[in-house]
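Could you show me around this protein in my viewer, one selection at a time? I am new to this and would like to know what to click on and what I will find there.

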Amino acid sequence: MHLNSSEYDASGYEIYCDFNNKNTLKVSNSILKQLDQLDYSYNRGLLDTNETPLCVVANNKVDAILIEAGFISDDSDLYYLKNYTNNIAKAIAAGIKKSLS
């Protein structure tokens, strides 16, 4: 899990995963659905690490994704991230659990 920052006006959450890996794609979609239910920010969608390579995802020996939970440079995202971290963690856990069912 990671937090975004931008010098421009930006907010929302997104997940980087390998679109060629059905396991990471499934869990990523499931987590996004759970985060959507929190309605705390904008869903920026899934990003393919084949198009935007990330060392933390690509150079893992196990399936990996990167969750960008929000922008610390956005006041609304930052407020939610600081005060409702547990909700985000529970949504991620629920997404993982549902993807395994």
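Here is a short tour that goes from the sheet to the helices, then into the core and on to two single residues. Keep in mind that you are looking at a predicted model.

**Stop 1: the sheet.** Start by showing the strands as ribbons. You should find an open sheet of four strands in the order β1-β4-β2-β3, with mixed pairing. Its edges are β1 (2-4) and β3 (43-48), each of which pairs on one side only. Turn the view a little and look for the twist: neighbouring strands are turned by 25° against each other on average, ignoring direction.

**Stop 2: strand β2.** Now select residues 13-17, which make up β2. How many residues of β2 are buried? Five of its five residues are, and the strand is mostly covered. Switch on the side chains and see where they go. Tyr13, Ile15 and Cys17 point one way, while Glu14 and Tyr16 point the other way. This is a pattern to remember: in a regular strand, side chains alternate between the two faces of the sheet.

Next, add β3 to your selection. β2 and β3 pair in the parallel sense over four bridges. Two places to zoom in on are Ile15, which stands opposite Leu46 in β3, and Tyr16, whose bridge partner in β3 is Leu47.

**Stop 3: helix α1 on the sheet.** Select residues 22-38 to bring up α1. This helix lies across β2, β3 and β4, and runs at about 175° to β2.

**Stop 4: helix α3.** Move on to residues 75-83, the helix α3. α3 also packs on the sheet, where it touches β1 and β4, and its direction makes about 115° with that of β4. Colour Asp77, Tyr80 and Leu81, which are buried. Why do these buried residues line one face of the helix? Seen down the axis of α3, they fall within an arc of 100°, so they sit along one face. The general rule helps here: an α-helix has 3.6 residues a turn, so residues three or four places apart point the same way.

Give Asp75, Tyr79 and Lys82 another colour: they are exposed, on the other side of α3. What covers the buried residues includes β1, α1, β4 and α4. Before leaving, look at the N-terminal end of α3, which is capped by Asp74: one of its side-chain oxygens lies 3.2 Å from the backbone nitrogen of Ser76.

**Stop 5: the core.** Show Ile31, Leu35, Tyr40 and Ile88 as spheres. They have the most contacts inside the largest nonpolar core, a set of 14 residues. β2, α1, β4, α3 and α4 each supply at least two residues of this core, and α1 gives the most, with four. Then centre on Leu35: leaving aside its neighbours within four places in sequence, Leu35 is in contact with Tyr13, Tyr40, Ile88 and Ala91.

**Stop 6: two single residues.** Select Asn4, in strand β1. Is Asn4 buried or exposed? Its relative accessible area is 13%, so Asn4 is buried. Beyond its neighbours within four places in sequence, its contacts are Glu14, Glu68, Gly70, Phe71, Ile72 and Ser73.

Finish at Asp39, in the loop between α1 and β3. Asp39 has a positive phi of about 50°, although it is not a glycine. With 67% relative accessibility, Asp39 counts as exposed.

Terms used. Residues numbered from 1 in each chain as written. Predicted model: local features only at pLDDT ≥ 70, side-chain atom pairs only at ≥ 80, totals over all residues. Heavy atoms only, no water. Core = buried A, V, L, I, M, F, W, Y, C linked by side-chain atoms within 4.5 Å. Buried < 20%, exposed > 50% of the residue type's maximum accessible area, 1.4 Å probe, protein only. Contact = heavy atoms within 4.5 Å. Pairing = 2+ DSSP bridges. Axes fitted to C-alpha atoms, helices over the stretch in contact; angles between N-to-C directions. Arc of directions from axis to C-beta. Polar contact = N/O pair within 3.5 Å; in protein donor to acceptor, adjacent residues only side chain to side chain.
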